[in-house]
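Here are my notes on the model you sent over. Have the structure open while you go through them.

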Amino acid sequence: MLQCTYSGVGVWSRCGGVHRVNTMSRLAYLRGIIGVVAAALLAWSISVLEGEMQGLAIEPLDVGTTPATVYRDPDVTSAPIVVIAHGFAGSQQLMKAYALTLAKARYIAVTFDFEGHGANPVPMSGDVTSVDGTTQRLVNETLRVMDAARAEFDLSDRMVLLGHSMATDIIVRAAQADGDVEAVVGVSTFSQAIDRDSPENLLLIVGQWEGMLREEALRVVQLIDRSAQEGEMVGSFANGSARKVFVVPQAEHVAVLYAPSALQEAREWIDDVFDTVRWEGPVPELGLPIIALLAGLVGLIWPLSQALPALALRVPEQRMSVRRFIGVVLLVAVLTPILVAQFNTRFLPVLVADYLSVHLFVYGVAALFFLFFSGAVSPRGMLFSVMFGLLVAAYGVLAFGFGLDSYVASFSAIDARLPIIAIIAVGAIPFMIADAALTERGHAPLWRTLFARGMFLVSLSIAVALDFERLFFLLLIMIVILLFFVVFGTLGGVVGRRTGLAGIPGVGNGITLAWALGVTFPLFAA
């Protein structure tokens with residue numbers, strides 16, 4: 001048998017008298033390559049994203065407490081105005097691709113944050129189930145933005161409204177209330193207010209994979225012509241009856257915001273409404289640069305993680321058996337929503353975030369309880385977990401926050417959101433420590449990682465089923481949690497393998513998750 005000697009720092013010096021390749025040197029070389037590629041991706045993506053904004057005047061618009069931004073060619077001071085509204089749990093940054101597209105086509109594009117969203121300090125209020133409640137407040141806010149834009153550019157008409165998801169119902173009702181809106185562009189539309197006669201000149205953009213919304217879009221067009229098909233325009237721009245369904249190939253609810261074909265279709269529709277010469281320039285392609293930006297930030301995790309100490313070099317001495325692992329995950333996932341349903345979880349001025357913070361806490365504590373008595377986790381290294389976990393959180397909140405807030409969606413926290421983030425963190429930290437332990441600090445087989453995280457989403461689905469009227473908003477926020485697992489689950493695995501402590505990625509990702517949820521959930525005042 002070959003006998004090996006260990007010289008420390010992870011380097012096997014000799015094995016049976018034969019020199020071995022320095023594994024650590026190979027890893028260091030690979031980390032260096034990944035670091036260079038990640039830095040190059042960051043540099044390229046930022047240069048492209050910034051380049052798409054060059055030559056435009058991007059300036060704030062005064063609409064009282066509502067944050068609003070104007071995008072226009074500096075030479076354009078009088079042109080049709082396109083007011084652009086984001087969907088639920090979104091922000092004005094999310095609609096930047098449409099704003100840039102239309103500003104470059106010499107329209108005046110205006111984006112804004114709805115009450116309770118993004119940087120808007122005024123919470124949503126009213127009855128969310130009533131048209132006369134929250135919906136009417138958001139319609140009124142849209143009308144205020146429209147009036148402010150008209151006053152700023154001395155225009156009383158020549159207005160278009162464009163919105164995504166939740167906002168499509170708002171802009172349809174705003175167009176009907178205003179009377180001077182010449183066209184509406186609905187992206188992923190659902191609105192019971194649409195009828196045969198209004199709104200005028202309606203373009204419906206929908207993703208190929210948005211089955212229900214795709215059917216609804218076609219139904220709306222067939223109010224004008226029962227034989228209408230997707231991609232076919234019916235009615236006439238002359239009398240305001242034009243309608244069309246445009247299906248974006250291989251796109252879902254988010255991809256429709258960046259697909260070049262969708263941007264071009266919206267631009268051409270508005271050109272036809274105002275009978276102007278079509279702008280032939282290319283539309284901004286933000287999707288790939290944004291993916292490259294996130295990939296670069298993720299890619300830097302491994303090289304940067306080497307600044308953390310290797311506090312424990314071995315994988316867990318006692319891995320849970322497959323039967324016990326599945327049993328623990330299933331038990332916690334099913335029992336958590338049943339237990340939390342017994343308590344009053346309405347204590348935060350944010351839609352369902354108070355419930356989610358309690359769900360995270362119970363889920364995390366219960367999982368850690370079973371893991372502790374199974375020998376798969378121990379409370380060692382808590383001081384190091386807090387110290388270095390804060391460094392991990394700083395990278396998650398600051399580095400990712402800069403990229404997201406600048407180019408994707410609001411990630412900065414106004415003062416009203418800071419205590420909310422702190423309260424969510426009380427639940428998010430134990431949950432993410434449990435997640436790091438269940439995934440064995442990045443050492444677990446892929447199926448265990450997918451099963452553990454998938455069952456948490458199932459657990460939330462059970463909670464929604466138990467109280468659909470109140471918690472159905474959780475279904476809309478699950479994409480945020482899924483993306484968090486993809487991006488920050490990778491970060492946690494790298495940090496966990498490096499440090500050997502579940503607490504470090506747990507604390508770091510727990511704070512980051514609390515921040516992400518705290519700035520995403522709409523503020524709501526009863």
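**Notes on strand 11 and helix 4**

1. Start with the sheet, keeping in mind that this is a predicted model. Strand 10 and strand 11 run parallel, paired over 4 bridges. To find the register, look for V185, whose bridge partner in strand 11 is L203.

2. Strand 11 also pairs with strand 12 (residues 243-248), again in the parallel sense, over 6 bridges. Here I205 has F246 as its bridge partner in strand 12. Between these two strands the chain passes through helix 5 (residues 211-221), and the β-α-β crossover is right-handed.

3. Is strand 11 enclosed or open? With 6 of the 6 residues in 202-207 buried, it is largely enclosed by the rest of the structure. L202, L204 and V206 point one way, while L203, I205 and G207 point the other way, and all are buried.

4. I205 deserves a click. Leaving aside residues up to four places away in sequence, it touches Y98, V185, G186, V187, S188, F246, V248, A262 and A266. The largest nonpolar core has 172 residues, and I205 is among those touching the most other members, along with Y98, L161, L162 and L474.

5. Now helix 4 (residues 166-178): its 13 residues reach 19 Å from first C-alpha to last, close to the 18 Å expected. The buried residues in this helix are A167, T168, D169, I170, I171, V172, A174 and A175. What covers them includes strand 6 (81-85), helix 3 (131-153), strand 9 (159-164) and strand 10 (181-187).

6. Just after helix 4 comes G179, with a positive phi near 90 degrees.

Methods. Residues are numbered from 1 along each chain as its sequence is written. This is a predicted model: local features need pLDDT of at least 70, side-chain atom pairs count only at pLDDT 80 or more; totals for chains, interfaces and linings use all residues. Side-chain values use heavy atoms; hydrogens and water are left out. The expected span of a helix is 1.5 Å times one less than its number of residues. Buried means under 20% relative accessible area, exposed over 50%, partly exposed in between (1.4 Å probe, protein chains only). Contact means heavy atoms within 4.5 Å. A nonpolar core is a set of buried Ala, Val, Leu, Ile, Met, Phe, Trp, Tyr and Cys residues joined through side-chain atoms within 4.5 Å. Two strands pair if DSSP finds at least two bridges between them. A crossover is right-handed if, with the strands pointing away from the viewer, the path from the first strand over the helix to the second runs clockwise.
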